[in-house]
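Here are my notes on the model you sent. They are numbered, so you can reply point by point.

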2 protein chains.
Amino acid sequence: MSGRQSGGRPTLEEVAALAGVGRGTVSRAINGSPRVSRQAKEAVARAVAELGYVPNQAARALAGSRTDAVALVIPETEARIFSEPYFLDLIRGVSAELAEADKQLLLTLVRTEAERQRFEHYLAAQRVDGVLLASVHGDDPLPDRIARLGLPVVMNGRRSEAEPVAYVDSDNIGAGRAAVAHLAGRGRSRIATISGPLDMYVARARLGGYRAGLAEAGIKPDESLVATADFTEEGGRLAMRELLERAPGLDAVFAASDVMAAGARGVLREAGRRVPEDVALVGVDDSTVARLMDPPLTSVRQPIEEMGRTMTRLLLQKIAEESRADAASRQGEGEEPRRVLPTALVVRDSS
Amino acid sequence: MSGRQSGGRPTLEEVAALAGVGRGTVSRAINGSPRVSRQAKEAVARAVAELGYVPNQAARALAGSRTDAVALVIPETEARIFSEPYFLDLIRGVSAELAEADKQLLLTLVRTEAERQRFEHYLAAQRVDGVLLASVHGDDPLPDRIARLGLPVVMNGRRSEAEPVAYVDSDNIGAGRAAVAHLAGRGRSRIATISGPLDMYVARARLGGYRAGLAEAGIKPDESLVATADFTEEGGRLAMRELLERAPGLDAVFAASDVMAAGARGVLREAGRRVPEDVALVGVDDSTVARLMDPPLTSVRQPIEEMGRTMTRLLLQKIAEESRADAASRQGEGEEPRRVLPTALVVRDSS
DNA sequence: ACGAGGAGTGGGAGCGCTCCCACAGTACTC
DNA sequence: GAGTACTGTGGGAGCGCTCCCACTCCTCGT
């Protein structure tokens, strides 16, 4: 009953002893440093396998000051409003990319202001190497605050046209244009739109795309054909009623989300307008909802999972640069990366 | 330019110096130990505020061997199949409960066998204090393996009637019974069902509930009215076609998920059967899909978010017990907790 | 022949905490 | 008046890593 009782998990030290090398060598071998002889590497590998050694993450983080974890922040309010598959797809992309890089995902749903504060606190506790931010509102100060903390950040979507913080967005303007071009191509000329709340850039961009699309199709814009809602089904319903009242002659509707389109569809049915014969309908998101609607909804697809992947790739890149530059005082600081991914129209029976 | 340059974040030591007390006292004050005088507590609080001190998580984890983080594991394949809002709701519940306890959520989507292995690796790296497991299959060995690692586990759903590992499930048998009782109450007597894959307990339980419901309504069971699918829309479609062929006289269908119900609804329409006049339809999940279907789908609601909360509460409890017992060799080990939460029928126009 | 330089290595010195032991001070008891 | 029992407190000893310096061999060049 002597010596080191292997009560807990094995440590670096024990691996070193078994492999017959020093601690430093084991550390280097495990972290893939080139400064290790083949023999040493093999001896370490054997010892690791035999002991079932796994490096202790806390010790690593403490000594090396990197956590190999990344936070993804999702505002809870948004999570309810947005068509639900959105965030799952995003998470899927982020998770896939992180797994490849052998990093962990810390998911934070932020509900209240108090939780927001607490979240900033966590960041200060150095639990993560970087932050991904989903669906920020126009006036959200969080991105800047995190950046000021010295933590790399990448956002999904942007707060305005000229966003200073790194972001990955989908081509929302293109989405609006594509929808209108499609409707115009089907011979529609009284094309209405149900927009999202205008304090969100995504809503303004889609509306801008709608207007650009009209111009390109040579259709005179008419403000009575523009209604604003809040991305909810109920909002879509209200907006549709308003539109029917203001412009009963409309023959097409571009809704800035599938869920609002679903609301609108209900109102159209109640009003006795057939889809697509009387009114053509196009949404955005290409969600499950779109596929299951009757008739199935034509919708502009965003590459959500791909956005998740791209964000993550950018973030990991920033993290890597940061740790390299580090003492170099980060003079260059470089450009904040921006990516705008293309959208695609998925034509179904509603148009 | 002398003394300690406060280059990085402040440490415990600096707080102690400023407060004029020892390191131990600061640690005790911060962790809410009762063995601290009021004055000391206040001095520490002031110093913490002044310096903006936040404890370093890695150091804490290393010294105290607890991470204040919990992993939630979701098999990726399931995430695609299940009606999507399910996991978001679950995450929401887990996240809310963890936030209250000031713990972090590590989300892991497991795609491949390789990622599974890697995940077990992470567990061994002592990154989390416990594990939540979502939607386990009948023969999944993961729960037992984790338990054997000495980590507390709670599952969402169970693998069989007699599940040895702690779990939180919804009353799937009750769901089936309620659906059938409702349909029978509406005067239907040729009630069919579209079941999930029978290697999943949840599918067997709902099917069992269906049978129990028939018995209670005094309806003779008929195996030609039972079809098995895989929880997908396409599966629901195929199963519905099969049912119409085998039992053209059916007047109601209980689908074990909303998504399958949506598939079935399409087939019914193609076959010229009106819902609910000719065939009444009931699903399970009460998802967005159900609300948006035409007609809106009657569905059995599961308290998903509440399941997430309950799982988390149970897990945190286990973690607390574990750290308390610890040296006590955990002789009692106690009963593994189990919870079965009630479901509720939401009646809409499809029945 | 000898020194310069690189490859490979061992191990000390932390990283910032928690745990725990020792000890001072105060408040009792008999 | 000396013992006993607390409450508070300071600070040493780690936790298991990474970083880095110092050291030993080589292999070259001249």
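1. Start with residues 10–64 of chain A. This stretch is 69% helix and 0% strand. Its end C-alpha atoms are 20 Å apart. UniProt, in an unreviewed entry, lists residues 10–64 of chain A as "domain: HTH lacI-type". Please keep in mind throughout that this is a predicted model.

2. Next, the relation between the protein chains. Chain B superposes on chain A after a rotation of 180° with 0.1 Å of shift along the axis, and the RMSD is 0.1 Å. That is the relation of a two-fold axis. Both copies use the same surface, since 100% of the contact residues of chain B recur in chain A.

3. Which elements supply the surface near DNA strand D? At least two residues each come from α2 (23–30) and α4 (57–64) of chain A, and likewise from α2 (23–30) and α4 (57–64) of chain B. The largest share, 5 residues, comes from α4(A). By class, this surface divides into 12 nonpolar, 9 polar and 6 charged residues.

4. Now the closest approaches to DNA strand D. There are 27 residues around this strand, and A:Ser27, A:Tyr53, B:Gly22, B:Thr25 and B:Ser37 come nearest. Of the strand D atoms within 4 Å of the protein, 62% are sugar and phosphate.

5. The polar contacts to DNA strand D include both backbone and base atoms. A:Ser27 has a side-chain N or O atom 2.7 Å from a phosphate oxygen of the strand. A:Arg23 places a polar side-chain atom 2.9 Å from a base oxygen of DNA strand D. For A:Arg28, a polar side-chain atom lies 3.3 Å from a base nitrogen of DNA strand D.

6. DNA strand C has 25 residues around it. A:Gly22, A:Arg23, A:Thr25, B:Leu12 and B:Tyr53 come nearest. Sugar or phosphate makes up 60% of the strand C atoms within 4 Å of the protein, and bases make up the rest. Here too, α2 and α4 of chain A and α2 and α4 of chain B each supply at least two residues of the surface. The classes are 10 nonpolar, 9 polar and 6 charged residues.

7. Which atoms of DNA strand C do A:Thr25 and A:Arg35 approach? For A:Thr25, a polar side-chain atom lies 2.6 Å from a phosphate oxygen. For A:Arg35, an N or O atom of the side chain is 3.1 Å from a phosphate oxygen. B:Arg28 approaches a base of DNA strand C instead: a polar side-chain atom lies 3.3 Å from a base nitrogen.

8. Away from the DNA, look at two strand residues. A:Val73 sits in strand β1 (residues 69–75) of chain A. Its relative accessibility is 4%, so A:Val73 counts as buried. A:Val73 touches A:Thr108, A:Val110, A:Phe119, A:Val131, A:Leu132, A:Leu133 and A:Ala134, leaving aside residues up to four places away in sequence. A:Glu321 is 248 residues from A:Val73 in sequence, and their C-alpha atoms are 22 Å apart.

9. The second is B:Ser195, in strand β6 (residues 191–195) of chain B. Is B:Ser195 buried or exposed? B:Ser195 is buried, with a relative accessible area of 1%. Beyond four places in sequence, its contacts are B:Ala203, B:Leu207, B:Ala227, B:Thr228, B:Ala229, B:Ala256 and B:Met260.

10. Please check the backbone at a few places. Most residues other than glycine have a negative phi, and most peptide bonds are trans. The peptide bond from A:Val275 to A:Pro276 is cis, with omega near 10°. A:Pro276 lies in the loop between α12 (258–270) and β9 (280–284) of chain A. The bond from B:Val275 to B:Pro276 is also cis, with omega near 10°. B:Pro276 lies in the loop between α12 (258–270) and β9 (280–284) of chain B.

11. Two aspartates have positive phi. A:Asp68 has phi near 60°. This residue is in the loop between α4 and β1 of chain A. A:Asp68 is buried, with a relative accessible area of 10%. B:Asp286 has phi near 50°, and lies in the loop between β9 and α13 (288–292) of chain B. B:Asp286 is buried as well, at a relative accessible area of 16%.

Notes
Residues numbered from 1 in each chain as written. Chains lettered and ligands numbered in written order. Predicted model: local features only at pLDDT ≥ 70, side-chain atom pairs only at ≥ 80, totals over all residues. Heavy atoms only, no water. Least-squares fit on C-alpha atoms with pLDDT ≥ 70 in both. Contact = heavy atoms within 4.5 Å. UniProt positions renumbered as here; feature names shortened; annotations may be inferred. Helix = DSSP H or I, 4+ residues; strand = E, 2+ residues; numbered from the N terminus. Near = heavy atom within 4 Å. Polar contact = N/O pair within 3.5 Å; in protein donor to acceptor, adjacent residues only side chain to side chain. Nonpolar A, V, L, I, M, F, W, Y, C, P; charged D, E, K, R; others polar. Buried < 20%, exposed > 50% of the residue type's maximum accessible area, 1.4 Å probe, protein only.
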